[in-house]
Amino acid sequence: MAVPPPCRPLAYLCLALSMSLVGSYVALSKPLAAVFPVFLLTWLRFGMGSLAMLHWLRRPAAEPRLTRQTRGLLFLQALLGNFLFTVCMIYGVSLTSASTAGVVMASIPACVALMSWLFLREQVAPRTWLAVACAVAGIALFALSASPAGATATSAASTPHAAWLGWALLLAASACEGAYSVIGKKLTGSLAPRRITALINLWGLALATPAGLWWALRFDFSGVTGGMWLLLLFYALAACMWSVWLWMTGLQAVPAAQAGVFTVLLPVGAALVGVLVLGERFTAVQLLAFGIALASVVLATLPARSGSRPAPTTLKADDR
């Protein structure tokens with residue numbers, strides 16, 4: 001029995017809040033990565049998330065038992081969307097800069113649209129492709145307008161070879177995020193968002209535990225301040241619990257390609273954290289870039305004309 005999806009406006013709100021949260025913790029992962037080794041940070045994140053979601057693991061009475069295919073999809077989503085996305089994103093940002101990450105991650109809406117067309121056989125409307133183009137153009141323009149500062153940060157922090165590795169890792173993170181959305185769309189046809197969130201986080205914890213334990217035995221936890229622990233707690237809950245549950249809830253009612261446009265709010269959220277928390281300032285070009293990027297969300301969510309609205313993706317029982 002499928003979980004009843006939310007209404008479209010509520011689904012759009014869930015998707016927007018999810019990506020805004022992701023943007024905030026992407027920005028805040030930089031100071032955390034300066035204190036914790038990446039694999040230890042990843043393991044602590046999944047561990048805290050698992051403790052917070054123990055009560056979400058219980059299977060509802062109306063939910064079907066997990067099939068072999070569903071278990072495989074849960075593992076793949078955890079591997080790509082949780083574990084590898086986290087590792088590639090944190091390492092990529094540490095080797096480059098926030099502006100570089102913005103340029104590369106502007107490709108996420110296009111990745112989601114292409115993968116949903118290829119693997120879910122979704123009919124992507126022309127307006128959705130236009131929204132994807134606006135999303136990519138807006139975020140790329142914003143990131144490029146900030147490139148002088150970003151270039152300085154990159155040259156000071158790493159060699160040219162490390163910078164190229166950072167670009168490759170960020171591109172891999174974008175591909176992982178695209179796969180995460182497409183797999184999530186398939187899973188929401190048979191599982192509740194909360195159970196998906198808890199199960200893929202548990203898989204993420206299992207994947208991160210070997211390297212995480214190795215680093216934990218060699219790390220001096222006494223040097224971590226109370227403020228940094230609080231920041232880590234927010235990062236863990238936002239990354240493992242809140243943003244994933246909101247995204248899965250939104251995917252119940254919105255096609256994956258259309259939902260992918262909302263990933264434009266990831267770099268927007270990261271930039272807002274920079275302004276509100278880190279004291280950065282917007283230029284006129286950056287404000288224009290954000291206007292173009294946010295226009296993509298408006299294009300993707302405007303009601304379709306009568307008779308032209310695409311039907312949402314549905315799954316047959318044997319596809320689950």
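Tutor: A salt bridge is a side-chain nitrogen of Lys or Arg within 4 Å of a carboxyl oxygen of Asp or Glu. The model discussed here is predicted.

Student: Which residue forms a salt bridge with Arg195?

Tutor: A partner must bring a carboxyl oxygen within 4 Å of a side-chain nitrogen of Arg195. The closest N and O atoms of the pair are 2.4 Å apart, and the partner of Arg195 is Glu63.

Student: How many residues apart in sequence are the parts that this pair ties together?

Tutor: Arg195 belongs to helix 9 (residues 193-216), whereas Glu63 sits in the loop between helix 2 (38-52) and helix 3 (68-95). The pair therefore ties together parts whose separation in sequence is 132 residues.

Student: Is Glu63 buried or exposed?

Tutor: Buried means under 20% relative accessible area. The relative accessible area of Glu63 is 5%, so Glu63 is buried.

Student: Is Pro210 of helix 9 buried or exposed?

Tutor: Pro210 also lies in helix 9. A residue counts as exposed over 50% relative accessible area. Pro210 has a value of 58%, so Pro210 is exposed.

Student: Which helix gives the most to the largest nonpolar core?

Tutor: The largest nonpolar core has 82 residues, and Tyr235 and Trp247 are among those with the most contacts inside it. With 13 residues, the element that gives the most to this core is helix 10 (residues 226-251).

Student: Which residue of helix 10 (residues 226-251) does Phe262 touch?

Tutor: Leaving aside residues up to four places away in sequence, Phe262 touches several residues, including Tyr12, Leu15 and Val297. Helix 10 covers residues 226-251. Among the residues that Phe262 touches is one with a number in that range, Trp247.

Notes:
Residues numbered from 1 in each chain as written. Predicted model: local features only at pLDDT ≥ 70, side-chain atom pairs only at ≥ 80, totals over all residues. Heavy atoms only, no water. Core = buried A, V, L, I, M, F, W, Y, C linked by side-chain atoms within 4.5 Å. Buried < 20%, exposed > 50% of the residue type's maximum accessible area, 1.4 Å probe, protein only. Helix = DSSP H or I, 4+ residues; strand = E, 2+ residues; numbered from the N terminus. Contact = heavy atoms within 4.5 Å.
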